[in-house]
Amino acid sequence: MSSASLKKLEIKTGLKQLRELRKETITAATTRMKEQKQIIKAIKNQLQQPTTVPAIAEAAGIPPHMVLWYVAALKKYGEVKEVDKDGCYFRYCSIEAS
Amino acid sequence: MRLEAKIEVDAVVIGGGIAGLQTALDLAEQDYLVVVVEKDASVGGKMIRLSKVFPTLDCASCITTPKMAAAAHHENISILTYGDLKSLDRSSDGRLEAVVEKKPRFVDEAKCIGCRQCEYDCPILVADENQGGFSARKAIHIPFSNAIPQVATLDVDHCILCGRCEKVCPTQAVDYFQQPQTIRIHAAAAVIATGFQMTSLHDKPQYGSGEITNVIDALQMERLLAPHGPYNRVLRPSDGMEPDSIAFVQCAGSRDRSMGVPYCSRVCCMYAIKQAMLLSGALPLADITIYYMDIRAFGKNYEQFFQNAQAMGIQFVKAKVASLAAAENGAVEVCYEDQVNGGVTRTSHDLVVLSLGKIAAWNPFGTCPVEVAEDGFIRSVSPRLAATLTSMEGVFAAGAAAGPKDIVDAIAEAGAAAMKAASYLSACHRPKQARSGVSINVKPQPSRAVAMG
Amino acid sequence: MREVQIDSAQQAQAEEKRVGVYICHCGGNISDHVDVEALCARAGQAPGVAVARTHMFMCSDPGQEMIIKDLQEGKVNRVVVASCAPSLHESTFRGTLQRAGFNPYLYEHANIREQVSWVHHGRPATEKATALVAAAAAKAARLEPLEPIRMDVIRHATVIGAGVAGLQAALDLASRGIPVALIEKSPFLGGHVAKLDNIAPSNEKASELLTRLTRQVLDQPAITVHTCTRVVGFAGCVGNFTLRIKVDGEQGQDEGKKLHSMPTKTPRRGVFLPQYGVVTGSCPENPAEDSIETGAVILATGFKPYQPMFGEYGYGRHPQVVTLPEAIQALAGENGSHPVWHWHGRPIRNLAIIHCVGSRQIPGVHEAAEGAALNEYCSRTCCSASLGFANQVRENYPVTRVFEFYRDIRTYGRGQEELYQRASKNRVLFFRFEAQEPPRIESNGTGSESPLQITVKDTLTFGEEVQVAADLVVLAVGMKPNGIDDLVEMMKLPVGSDGFLLEVHPKLRPVELPNSGLLLAGTCQAPMDIGEATNAASAAAVKASGLLARGFVELDPFVAEVNLEQCTGTGACVVACPRDGALQLAEVAVNGKPFKKAQVSPAFCLGCGACVAVCPTNAINIKGWTLKQYEAMVDAIVADLAA
């Protein structure tokens, strides 16, 4: 076996051990990630058109404070932008959609 | 296997906030070698996380970054971030020894170029503590845009070891197997600049124990007001509404025996007034009320700042707020005794900001034999003539570690601590360590910047 | 005679100038009002600009790295950063060039925050920013490397004022092996602390504190104490100042401060005299003058208590209205053997203290003394001093009742809130008033027991009007900066609207003056208590020590430079020059023949440009700010890149 592939194997075994060691946090984080993906999908569905946080919350059945948190995060990572103001609220839409 | 490293310096500064950085700079200017130990992933402390500062309304980032950069680039200063102080005590040779555990970032600091590719590709969102929890970061992330050093940190509590960050990193900097490293710092003098933290929202049942979404603390308000904050504007966190009516509750945790904080936290009056002013700039139509016991605007130009706030139409109501409760449509009901008209009064606001108390961020018990006073802050043995002197010879304290303090007082005290440490070092007549001896096995950070210098 | 060779064939600069323009969002401070991307696109079009980029925070490490990368890759060799005021970050970015291995003066700063985004909005903001950036880029293309002026410093410091701040600063400097001259105009050391008794909140005795501090100063061989001395002349620049000092002798002193009228006949060095301070020895009989060569000067000139106007809260009208310092002095002399405090033999059953006298004055509400400005600031120390005094009275004279009339109680410091709580426990009664409705002090008529009556609308009890009889009214007077007009004039010191000396930056550089080499310690900068004043003093000392330890200073090279070929020796520049010693005509041999030519002494040159304006042959220029550079800037503005 070449030294490069030996190293690869070592890393693979090491990662396996690490996964075993951090089993608890990895399981919890994986569950969270799945939930996050679903929520993001639901929110993004609403963001095809410019819309407000309370409107998304109502349509997607997600508490508004949570919607705001996701919208802020998606905005930070360049997936969502603020469009305009609608009363006391701002409207957002997905960057792909615009 | 645990890695060990040793550093020999003239002085070690514990804490890389504004006080610690100023102390380090003043000592370095006397040609002493200094190492700064910071527990967070970036230096800058509380100040770098603020919006603007009173009474000048300077943007906090703009005036903190030069100090951070100056310290990071100074040839006499090494900065050790993401390090836990395990002990600080006198060793058998009479010098001080600080034992620091450098926590693993799981990213090689020398290799990371701060491109944030890993952060963009990471699939896990985590509440961003540097944005008051109002937005998200990823499990692997750079703390904030002007952090020093610009090095990613992997938060293993949220990592699923999916391997994406490692794959996408252009410099192979991600290292899932990184181990903590023990660093022994030998120094003749030490300066404690560990700063403060806020009392917890959760300790105050009459103010909702942190359960009312639109009751936030002052540091969270700083983020809402910061130009690069979570929403890039002021919105209330329950539903993203632009608030029409905002209230500040002063002494929500200070001057309050029930919170164990009988003392005055010294900065809350001024930051509340500042935030109120910034809010009335951002939301010109909003009603802003400050509920207070005494307005303590005692610093240079502070009283004039307070008078300006009154002239701007900010309402000051002398009252100790008794309780807060969630009301309809996300509003918060403030209940207080009206001292002018009499009687218990209830008023609704869209957003309520609590001016929580300042408590010491570091308890030396079990780590360092330095004495603390009843208030939990480092005790000064000569509060009139040399406030920075502690109960330990060669150990000095500066900034909020030695009691609540605003930025200017912390800066002055940092200079004073550096002066006392320099006097102590000159009295020690210790031969200076050779330059090359600054770091053994430990790269001074930020590594790239030092390499450039 | 100096011999110079002039090579008339100017060396053609082979190097092509490639300007990099870096535009800062300032996290929104700029980009919220200036269209940064449009500005960047326009800047990229400006002549000579090779690269134009933007960043959220140019001053952050990644921002600076971006510049370094472009420099090191050869993309640019001149740099413009468009961001905040140069006072904040010009030196930061000069440092960036230096770290990249470039001359730091190949840098030009464009201020598009203070001068644009903070004062203009919308399209005009972007247009003005474009003009400023274009001008900076045009100048940058004409920048040449410069070397800072390096000057040796005198390893010696001078401290003016021997109150606690001055004493502490002198001691700190001496501990670093720096010789110090400590100059004090009175015959005593200790300043205002000598007038105190118990110091709140720790109850330390002022006499003990001062005796301890001055003993160290008097025992320190590196400190030369000059009492009865004033500074009468000031010249030079950072690292090399000359101070003329004048020993006033006994005659120059106020009557009350003459040593020979002191209670002790032959005061010994180091002895504390209550109210006066610590004796340093006998004062010389006759005036004398001397001079001191020094590298740095720390101002520790202190404060004076506010003097109430006649009739202010009845002051001067009623003998029973006194100031807090007077009351502290009277209380210090008492032994507390009687349950009622006596003032000049008269029992004080009801004692009233009024806060914020001469502090927190509001335009339109308060009136200033004639010719004086309102004291709008809080004096910071009076709340704790008043409460400390009230507690001392209550605890030693239980029958004397104490009433405090306040606006806000400002016991902010460590141990101070406890003073307030102790006062409540000591049953001191508090009344809170609004600035618009201050307490009124009136005579109580002959029949009543107490001579004075105080009427106040108490906002603690829903604005009820309350009347309190008083035997003595104590005014908690604030702090005023000491009268140092002579020093301000002589040393060109900046003074704030509040009358206190004005620091470089109120947040980050509280002990430094813009005048390099001059520093601030204690209450000459702002009201502060003893602990804060000594902290400021030590902070000032560490700056001075850093400056002197290096052994040299580097000054910006923006000084006049003479083109010897063009200079015809008219001497117009010498006449126009406002600074002694900066410009003179000198005999110079040019290619073997003698000529009179202007000659600059860079260390003294202010870089003001007065000489440039008067030269008939355009032979004199300010380095880094040449006429050619100015012309290029004006041309760029007129060209209107935004159009």
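Contact here means heavy atoms within 4.5 Å. With that criterion in mind, the tour of this predicted model starts with the arrangement of its chains.

**Stop 1: chains A, B and C**

Colour the model by chain and select chains A and C together. No contact joins these two chains, and their closest C-alpha atoms lie 14 Å apart. Two pairs of chains do touch, and of these the pair B and C has the most contacts.

**Stop 2: the interface of chains B and C**

Show chains B and C. On the B side, 87 residues are in contact, and they meet 80 residues of chain C. The size of an interface is often given as the accessible area lost when the parts come together. Between chain B and chain C the buried area is about 6500 Å², with carbon and sulfur atoms giving 52% of it. Select Lys300(B), Arg384(B) and Leu385(B) next: within chain B, these residues lose the most area to chain C, together 14% of what that side buries.

Now display the polar side chains. The rule finds 40 residue pairs in polar contact across this interface, with both residues at pLDDT 80 or more. To see which parts of chain B take part, select its secondary-structure elements. Those giving two or more residues to the side that touches chain C include the helices α1 (18–28), α2 (60–73) and α7 (302–311), as well as the strands β4 (52–53) and β5 (58–59). The largest share, 14 residues, comes from α8(B), which spans residues 407–428. By class, this side of chain B divides into 43 nonpolar, 22 polar and 22 charged residues.

**Stop 3: salt bridges between B and C**

Side chains of opposite charge can pair when their charged atoms come close. Over all chains the structure holds 57 salt bridges, and eleven are found across the interface of chain B and chain C. Zoom to Asp26(B) and Lys543(C), a salt bridge in which the closest N and O atoms are 2.7 Å apart. Asp26(B) belongs to helix α1 of chain B and Lys543(C) to helix α12 (residues 530–549) of chain C, so the pair joins two chains. Then select Glu29(B) and Arg550(C), which form a salt bridge with closest N and O atoms 2.9 Å apart.

**Stop 4: the interface of chains A and B**

Hide chain C and bring chain A into view. Here 33 residues of chain A are in contact with 38 residues of chain B. The area buried between them is about 3000 Å², and carbon and sulfur atoms give 59% of that area. The rule finds three salt bridges across this interface. For a salt bridge between these chains, select Glu242(B) and Lys85(A), whose closest N and O atoms are 2.3 Å apart. The count of residue pairs in polar contact between chain A and chain B is 16, both residues being at pLDDT 80 or more.

On chain A, the elements giving two or more residues to the side that touches chain B are α1 (3–21), α2, α3 (53–60), α4, β1 (80–86) and β2 (89–94). This side has 20 nonpolar, five polar and eight charged residues.

**Stop 5: helices α2 and α4 of chain A**

Finally, isolate α2(A) (residues 23–46) and α4(A) (residues 64–76), whose axes come within 11 Å and cross at roughly 85 degrees. The two helices are therefore roughly perpendicular. Select Gln36(A), Ile39(A), Ile40(A), Ile43(A) and Lys44(A) in α2(A); they meet Met66(A), Val67(A), Tyr70(A), Val71(A) and Leu74(A) in α4(A). By class, this contact has eight nonpolar, one polar and one charged residues.

Conventions: Residues are numbered from 1 along each chain as its sequence is written. Chains are lettered from A and ligands numbered from 1 in the order in which they are written. This is a predicted model: local features need pLDDT of at least 70, side-chain atom pairs count only at pLDDT 80 or more; totals for chains, interfaces and linings use all residues. Side-chain values use heavy atoms; hydrogens and water are left out. Buried area is the accessible area (1.4 Å probe) that two parts lose on being put together, summed over both. A salt bridge is a side-chain nitrogen of Lys or Arg within 4 Å of a carboxyl oxygen of Asp or Glu. A polar contact is a pair of N or O atoms within 3.5 Å; within protein, one must be able to donate a hydrogen and the other to accept it, and residues adjacent in sequence count only if both atoms are side-chain atoms. Helices (H or I, at least four residues) and strands (E, at least two) are DSSP runs, numbered from the N terminus. Ala, Val, Leu, Ile, Met, Phe, Trp, Tyr, Cys and Pro count as nonpolar, Asp, Glu, Lys and Arg as charged, and the others, Gly among them, as polar. Axes are lines fitted to C-alpha atoms, for helices over the stretch in contact, and angles run from 0 to 180 degrees between N-to-C directions. Angles under 35 degrees count as roughly parallel, over 145 as roughly antiparallel, 65 to 115 as roughly perpendicular and the rest as oblique.
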